[in-house]
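Please look at the sequence and the structure below before reading on. The explanation starts at the ligand and then moves to the loops.

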Amino acid sequence: MAPVAAQTMDVKSIKSVAESPALSSVPSAYAFNINPNDEADPNDPEFAIPIVDMSLLTSGSPDQRSKIIHDLVKICKEWGFFIAINHGVPESLMKGMIDACHGFFSLPDEEKEEFKSGNDVLEMFKYGTSYNLALDKVLLWRDFFKVRVHPEFYSLYKPACFSEVSMEFSKRTREVALEITRAISESLGLEPNYIHDAMNMDRGLQMLAANYYPPCPQPEHAIGIPHHTDHGLVTLLIQNEMNGLQVEHNGKWLTVNGPANGFFVNLADQMQILTNGKYKSVMHRATVNNKATRISIAIPHGPSVDTLIAPAPELLEKEGQAPKYIGMNYKEYIQLQQSGKNYMKSTFDHILA
Ligand code: OGA
Ligand code: NI
C-alpha cells in the first residue's frame with residue numbers, strides 16, 4: 001500500500017474543509033458508509049438509556065445508595081454506559097468549558113497549529129484533525145485537541161480564559177469520576193476505595209479531549225470517530241446542543257439523547273480488564289450531521305501510567321474464575337491501542353490470557 005503518512009502530511013483542518021463554499025459532497029478521502037439498518041429505535045424500551053442520579057450516591061439515605069449500587073451491576077454488565085444526573089458540576093461551568101473549546105477551534109489554523117506537538121501518547125497537549133494521520137485509512141470528519149490535566153495540570157494558552165475554566169472543570173469532573181469508581185467498587189462487592197487504590201488514581205491519568213465536528217453535506221457518508229472503546233477506566237462526556245454520540249447496545253447503534261446537563265459516562269478498557277470482563281468497555285462512535293457544528297468534550301480518567309492492570313485477584317477468587325486477560329502496564333496498553341496494529345479496534349484480542 002502507498003505510504004499514507006506521506007500523502008496526508010498536509011491534511012487541512014476539517015473546519016476549513018467544511019467551510020469551503022464549493023463543498024457539496026464528502027471528498028473521497030473522507031468517504032465512510034454508515035448502515036442505517038444498524039441503528040436502534042430510541043423509542044423501543046430495550047434501548048432506554050440508564051440514568052444514574054449521583055445525588056443519591058453522595059447524599060441519599062443508605063437505602064437509596066444501595067439501590068443505585070445494585071442497579072449499577074446490571075448497567076455496567078449490560079450497557080457499560082449511563083447518563084449521570086445531579087452530579088453537582090454547575091451547568092454554567094459546563095457551558096463555559098464548551099465555549100472555551102469553541103473559542104480555541106475558532107482560532108485561525110496557524111494559531112491552532114502551535115499546539116500540534118509530537119506523537120507520544122503522553123504529550124502535554126496535542127491538536128490535530130482525523131485520528132492519527134500516519135495510520136488513518138479514511139480521514140475523519142473532526143478536528144480535536146487533547147490536554148493532560150492530571151496528575152500534573154497542563155492547559156492551552158489560547159484562548160485566554162481556557163486555563164482557568166479548564167482547571168476548575170477538570171477538578172470538578174474528577175470528583176464525579178472518583179465517586180463513580182467508588183460506587184462501581186462497591187457494586188463489585190469490594191471496598192469503596194478499591195479501584196482508586198489499586199489503580200493508583202491519586203496519580204491517575206486524566207485528559208480533556210475536545211472534538212469539533214462541523215456540518216457535513218452527506219452525514220451518512222462520513223464519520224466523526226469510527227467505532228472504538230476508550231483505553232482508561234471511565235470517560236465522562238459533554239456536548240453542545242447537537243447529538244452524535246452512538247453506543248453499541250444489543251448489536252445496534254443507539255444515538256445518545258439525554259438531559260443537557262447530564263454527563264454521558266462510558267466504562268473503558270481498564271475497567272473491563274480489572275473486572276475480568278464482568279463489566280463492559282462499551283463500543284461507541286461519533287456520527288456527524290448536516291445542520292450545525294457539534295462540539296464534544298471527553299474527559300477520560302485512567303490509572304497512573306505505571307500501574308500494571310490485571311483482573312482483580314479478590315474478584316477472581318470470589319467468582320472462582322481464571323483470569324481472562326494478561327496484565328499490562330497502562331502506558332504500554334495505550335501505546336498498543338494507538339499503534340497501527342489495532343487501528344480503531346479493541347485491544348483486548350492482544351491481551352487474552
Ligand atoms: C472520544 C469519543 C465521542 C463523541 O473522544 O473518544 O468517543 O461523541 N467521542 O464525540
Ligand atoms: Ni471514545
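What follows describes the ligand site and then several backbone features of this predicted model.

The space that ligand 1 takes up is the largest pocket. Four elements each give two or more residues to the shell around ligand 1: strand S5 (206-213), strand S6 (225-228), strand S11 (284-286) and strand S12 (294-301). The largest share comes from S12, with three residues.

The residues surrounding ligand 1 include Asn 211 and Tyr 213, Ile 225 and His 228, His 284 and Ala 286, and Arg 294, Ser 296 and Ala 298. Asp 230, Leu 237 and Leu 245 also belong to these surroundings. By class, the shell divides into six nonpolar, four polar and two charged residues.

Which side chains place a polar atom at 3.4 Å, 3.0 Å and 2.8 Å from an oxygen atom of ligand 1? For Asp 230, the separation between a polar side-chain atom and a ligand oxygen is 3.4 Å. For His 284, the corresponding value is 3.0 Å. For Arg 294, a polar side-chain atom lies 2.8 Å from an oxygen atom of ligand 1. Taken alone, ligand 1 exposes 290 Å², and the protein buries 91% of that area.

The next stop is the loop between strand S4 (143-150) and helix H7 (162-187), where Tyr 157 is placed. Pro 151 is found in this loop, and so is Pro 159. Both prolines follow a cis peptide bond: the one from His 150 to Pro 151 has omega near 10 degrees, while the one joining Lys 158 and Pro 159 has omega of about -10 degrees.

Is Tyr 157 buried, exposed or partly exposed? Its relative accessible area is 49%, so Tyr 157 counts as partly exposed, given that exposed means over 50%. The C-alpha atom of Tyr 157 is separated by 29 Å from that of Leu 135, the two residues being 22 apart along the chain.

Two asparagines remain. Asn 200 lies in the loop between helix H8 (194-198) and S5, and Asn 276 in the loop between helix H9 (269-274) and S11. Asn 200 is not a glycine, yet has a positive phi of about 50 degrees. Asn 276, likewise a residue other than glycine, has a positive phi near 55 degrees.

How do the accessible areas of these residues place them against the 20% limit for buried? Asn 200 has a relative accessible area of 24% and is therefore partly exposed. Asn 276 has a relative accessible area of 3%, which means that Asn 276 is buried.

How values were computed: Residues numbered from 1 in each chain as written. Chains lettered and ligands numbered in written order. Predicted model: local features only at pLDDT ≥ 70, side-chain atom pairs only at ≥ 80, totals over all residues. Heavy atoms only, no water. Near = heavy atom within 4 Å. Polar contact = N/O pair within 3.5 Å; in protein donor to acceptor, adjacent residues only side chain to side chain. Areas by Shrake-Rupley, 256 points an atom, 1.4 Å probe, with all protein chains shown as cover. 1 Å grid on protein atoms, 1.4 Å probe; cavity = no way out; pocket = protein on both sides within 12 Å on 5 of 7 lines; lining within 4 Å. Sits in = over half its atoms within 2 Å of the grid points. Nonpolar A, V, L, I, M, F, W, Y, C, P; charged D, E, K, R; others polar. Buried < 20%, exposed > 50% of the residue type's maximum accessible area, 1.4 Å probe, protein only.
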